[in-house]
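Please examine the sequence and the model below with care. The paragraphs that follow lead from the cysteines to the overall fold and then to one pair of elements.

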Amino acid sequence: MAENGAHGAEGEGATKIDTTEVSKAIEQTLWELHQLELTLESFKEENQLLLLERINNVVKELGRVYDLRGTCEGVQVPLDILKCVDEGKRPSEYTEQCLAKCVEDAEATNGKVHSLKMLLDELHKRAAEEYPAESAAFWGESAVAKEAEGGAEPMDTAPAEAASNDANAAGQV
C-alpha cells in the first residue's frame, strides 16, 4: 500500500488505462449474481437445474474478471473510496463529499485571508494616526495619505525607498 492511501504502482509516467472491458465483465458478473440471488429467493426443488446454471454463470463471469486482471495493473484506488464502497455508498458520493469539503476549506481560507488583510489595514491606519512621521517614512507618503482618508486599497507591505531616503536626509528617522 502506498503512503497516499492508494493501491498499485506509483503514478510516475503512468498512462491512461482502458478499463472498459473489465467494467463490462464486472457489470455482467453483478448481473449474474443478481439473477442467482433472485433464483435463491424463490427456490423450489424443481428449479435446481436453473440454480446450477446460475451458479455456473457466476463462476464463468468471475473467471472472466480474473483473466482481465492484468489490464488493470497500475490502477490506483484510494482506500477511502474502497471504504465508501464497503459501506454501501457509491464512489460518486465520496467524490461529491470530497469536493464539498474542498469548497468549505477554500471558503474558510479565503475568510482568514480577508480577516488578516482587514487587520493589516487597521494596523496601518492606527500607526498612521499615532506615528504619522514614522509611518510616512516606512510606508510612503501616498500610502499613509490614502489610509488616513480611508482608502479602499490595502497598503503595500514593502517600505517605499524614496520616502525613507527623504526622511533619512531630513533627519526625521
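In this predicted model, the number of disulfides is zero. A disulfide is a covalent bond that joins the sulfur atoms of two cysteines. To be counted here, two cysteine sulfur atoms must lie within 2.5 Å of each other. Cys-102 illustrates how the rule is applied: the closest cysteine sulfur to its own belongs to Cys-98, and the separation of 6.6 Å is too far for a bond. Another cysteine, Cys-72, has a relative accessibility of 24%, and it therefore counts as partly exposed; the buried class requires a value under 20%.

The discussion now turns to the chain as a whole. Its secondary structure consists of seven helices and zero strands, so that the pattern along the sequence reads α-α-α-α-α-α-α. The protein chain has 173 residues, of which 18% are buried. Its accessible surface amounts to about 13,200 Å², and carbon and sulfur atoms contribute 55% of that area. Among contacts with a separation of 6 or more, 55% involve residues 24 or more positions apart in the sequence.

How do two of these helices meet? Helix α4 covers residues 91–130 and helix α5 covers residues 132–139; they pack at an angle of about 130°, and their axes are 5 Å apart. Because this angle is neither over 145 degrees nor within the range of 65 to 115 degrees, α4 is described as oblique to α5. On the side of α4, the contact is formed by His-124, Ala-127, Ala-128, Glu-129 and Glu-130, while α5 contributes Pro-132, Ser-135 and Trp-139. Sorted by character, the residues of this contact comprise four nonpolar, two polar and two charged.

Helix α5 may also be considered by its burial. Which of its residues are buried? The buried residues of α5 are Ser-135, Ala-136, Ala-137 and Trp-139. Ser-135 and Trp-139 also belong to the contact with α4. An α-helix has 3.6 residues a turn, so residues three or four places apart point the same way. Just after α5 comes Gly-140, which adopts a positive phi of about 100°.

Notes
Residues numbered from 1 in each chain as written. Predicted model: local features only at pLDDT ≥ 70, side-chain atom pairs only at ≥ 80, totals over all residues. Heavy atoms only, no water. Axes fitted to C-alpha atoms, helices over the stretch in contact; angles between N-to-C directions. Helix = DSSP H or I, 4+ residues; strand = E, 2+ residues; numbered from the N terminus. Parallel < 35°, antiparallel > 145°, perpendicular 65-115°, else oblique. Contact = heavy atoms within 4.5 Å. Nonpolar A, V, L, I, M, F, W, Y, C, P; charged D, E, K, R; others polar. Buried < 20%, exposed > 50% of the residue type's maximum accessible area, 1.4 Å probe, protein only. Areas by Shrake-Rupley, 256 points an atom, 1.4 Å probe, with all protein chains shown as cover.
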